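Visitor: Please show me the model, and then let us go through it element by element.

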Amino acid sequence: MTSSHDRMRVLATAGDRYDEILTPGALRFLTHLHDAFSGRRHDRLAARMDRRRAIDNGRDLRFLPETRAIREEPGWRVAGAGPGLHDRRVEITGPTDRKMTINAMNSGAKVWLADHEDALSPTWHNIIEGQLSLYDAIRRQIDFTTADGKEYRLGEETPTIVMRPRGWHLVEKHLQYIDPAGLTRPASGSLVDFGLYFFHNAAELIARGSGPYFYLPKLENHLEARLWDDIFTFSENAIGIPHGTIRATVLIETITAAFEMEEILYELREHCAGLNAGRWDYIFSIIKNFRGRGDGFVMPDRAAITMTVPFMRAYTELLVSTCHRRGAHAIGGMSAFIPNRRDPEVTARALEQVHADKRREAGDGFDGTWVAHPDLVSTAREEFDAVLGDRPNQLDRLREDVRVEARDLVDFRIDGTVTDAGVAANVAIALRYIESWLRGVGAAAIDNLMEDAATAEISRSQLWQWMHRGTVTREGTRITHESVERQLAEALARYRTESDTWDDAAEVFRQVTLGEDFPTFLTLSAYSQFLVEENERAAIAA
Ligand SMILES: CC(=O)SCCNC(=O)CCNC(=O)[C@H](O)C(C)(C)COP(=O)(O)OP(=O)(O)OC[C@H]1O[C@@H](n2cnc3c(N)ncnc32)[C@H](O)[C@@H]1OP(=O)(O)O
Ligand SMILES: O=CC(=O)O
Ligand SMILES: [Mg+2]
């Protein structure tokens, strides 16, 4: 399929009903978004590199002196919840294939985070099928029947949908943007996901008493929030809906954004509903930014980096108090423990872990939280009901007792060591997750844990850092290129099947783990090499 409208060309195979999403009007809207914002996206991405270099060279993170007035001005508040967002005590997250969409909509959660980010492998099929699922779910016209005849339909009561587009770093190579000067480049994944969802559904959502709501992933600073805010205003004007109809919940999941929470709320104040503590990317961001610093910083085994270690407490406490001071919801994160309907012991352990995680969050003042699986909705709800009762949230709990200094956010010392088992687990998780992602499955249950792009990043970045630091495990093994290769061979021997994807996964694993350089995201080159369709490659070559 090669079609174009204005200056947005589709370079991919057409599927059933894709033309309902890739309409001339939608492609034109994407073109306008790119004309207005793709230059600023590039500038923001370049600024990320500069900031990372400065941190690598020893620059300390601090609360910005130039925005002190925003932090000290007590008078401003964010827009807060839109219709259907006042009570967010349990939010289920997950990818947007048809079956998962219906299961999430029937899960009993208050909100469904419809994920085109950490949980979605961005194949062209997944991106457009996801948009079709959302289009149909919003209009209550979605159903699904499995090959063996199991039928899925929507129940009466369904959650408010909050869509999470891809982060700024990702491109959508199946859409080619031609700028006004005639230069071509891949479209932005963020603008495509946001733009298609907004264009097709904003008016319908408003008519149904809800609204166009978004989770914003992986922001690194308040200028990226300003970019999103301008995109929202531009989009509202473009389709003629009132300013401030869009609501955004921003993930604080990078170490640099943790120093700018208040400024991020301020930039988005006319569109902002809250912040979320995205713990997995946050840990990844710490390792990524501090991996090479001269102070010898190394995190212990992934399992030892829990939510109760001091620097994670500092981050979540600061998030709750910042949000409530400004009238924004504070939403908790994802425990990776998942139940297994075939294994009561695994389920019991998961429920215990999730209870404890959600009890802590509700007690700390969070207004709601995430779960990964429908069988965890009632567990999280119990813990939040116990604290909230009939109140929709606890915005009135200001947490004025919280005192978090810059040094509390960056004091990464915790108990724990690197062990042989920790190394082996990281190798197996990274390899198995990448293999799943290359098959188009962006969230997977691996050894009874939910793994997605964020958790897998922690595993591979720890390996990269341990190897470059020559870390010695508790058992006395020095982690080297050769030792990780040995672990990789063992993991391949244990898990590989007939599928060719294992060879591709091993190749990606080596690129993102064993290279001299540290790729900023594991998905970047994996996408270009393995997820882009042949005819798109040919178009680029031509
Ligand atoms: C770091 C972050 O960003 S966290 C947020 C991003 N990550 C996610 O959203 C992960 C979401 N969770 C998932 O994708 C899944 O729960 C997985 C992959 C971890 C496990 O999925 P499965 O192996 O299918 O689990 P399981 O077999 O127990 O599922 C049982 C049923 O629940 C459904 N289900 C499981 N998780 C979800 C979910 N999150 N949303 C909707 N339905 C779900 C399954 O589709 C299955 O339905 P069926 O009985 O009709 O076939
Ligand atoms: O997106 C959430 C995270 O934990 O990462
Ligand atoms: Mg994340």
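**Helix 12 and its surroundings**

Visitor: Which elements are included in what covers the buried residues of helix 12?

Guide: This is a predicted model, in which local features need pLDDT of at least 70, side-chain atom pairs count only at pLDDT 80 or more, and totals for chains, interfaces and linings use all residues. Residues are numbered from 1 along each chain as its sequence is written, while chains are lettered from A and ligands numbered from 1 in the order in which they are written. Helices (H or I, at least four residues) and strands (E, at least two) are DSSP runs numbered from the N terminus, and contact requires C-beta atoms, placed from the backbone, within 7 Å. The cover includes helix 11 (310-325), strand 14 (369-371) and helix 13 (377-388).

Visitor: What arc do the buried residues of helix 12 cover around the axis?

Guide: A residue is buried if 20 or more other C-beta atoms lie within 10 Å of its own, exposed if 12 or fewer, and partly exposed in between, with C-beta atoms placed from the backbone. The buried ones in helix 12 are Ala-350, Val-354, Asp-357, Lys-358, Glu-361, Ala-362 and Asp-364. They lie on the same side of helix 12 because the arc, taken from the directions from the helix axis to the C-beta atoms, is only 150 degrees.

Visitor: Which exposed residues does the face turned away from the buried side of helix 12 carry?

Guide: An α-helix has 3.6 residues a turn, so residues three or four places apart point the same way. Turned away from the buried side of helix 12 are the exposed residues Pro-344, Glu-345, Ala-348, Glu-352 and Gly-363.

Visitor: Which helix gives the most to the shell around ligand 1?

Guide: A residue is near a molecule if its C-beta atom, placed from the backbone, lies within 6 Å of it. Of the 24 residues around ligand 1, Thr-93, Gly-94, Asn-103, Asp-118 and Ala-443 come nearest. Two or more residues each come from strand 3 (90-94), helix 4 (98-105) and strand 15 (444-446). With 4 residues, the top contributor is helix 4.

Visitor: How many residues of the shell around ligand 2 are charged?

Guide: Asp-118, Glu-253, Arg-279 and Trp-280 are among the residues surrounding ligand 2, and the largest share of its shell, 3 residues, comes from helix 10 (residues 279-290). Ala, Val, Leu, Ile, Met, Phe, Trp, Tyr, Cys and Pro count as nonpolar, Asp, Glu, Lys and Arg as charged, and the others, Gly among them, as polar. The shell around ligand 2 divides into 4 nonpolar, 2 polar and, for charged residues, 4.

Visitor: Is Glu-236 buried or partly exposed?

Guide: Glu-236 is in helix 7 (residues 222-239). Leaving out residues up to four places away in sequence, Glu-236 touches Ile-241, Pro-242, His-243, Thr-245 and Ile-246. Because Glu-236 has 19 C-beta neighbours inside 10 Å, this residue counts as partly exposed.

Visitor: What is the phi of Arg-140?

Guide: Arg-140 sits in the loop between helix 5 (124-138) and strand 5 (143-145). With 13 other C-beta atoms within 10 Å, Arg-140 is partly exposed. Although Arg-140 is not a glycine, its phi is positive, at about 55 degrees.

Visitor: And what is the phi of Asn-448?

Guide: Asn-448 lies in the loop between strand 15 and strand 16 (449-451). Asn-448 is partly exposed, with 16 other C-beta atoms within 10 Å. In this residue other than glycine, phi is positive and near 65 degrees.

Technical notes. Two residues are in contact if their C-beta atoms, placed from the backbone, lie within 7 Å.
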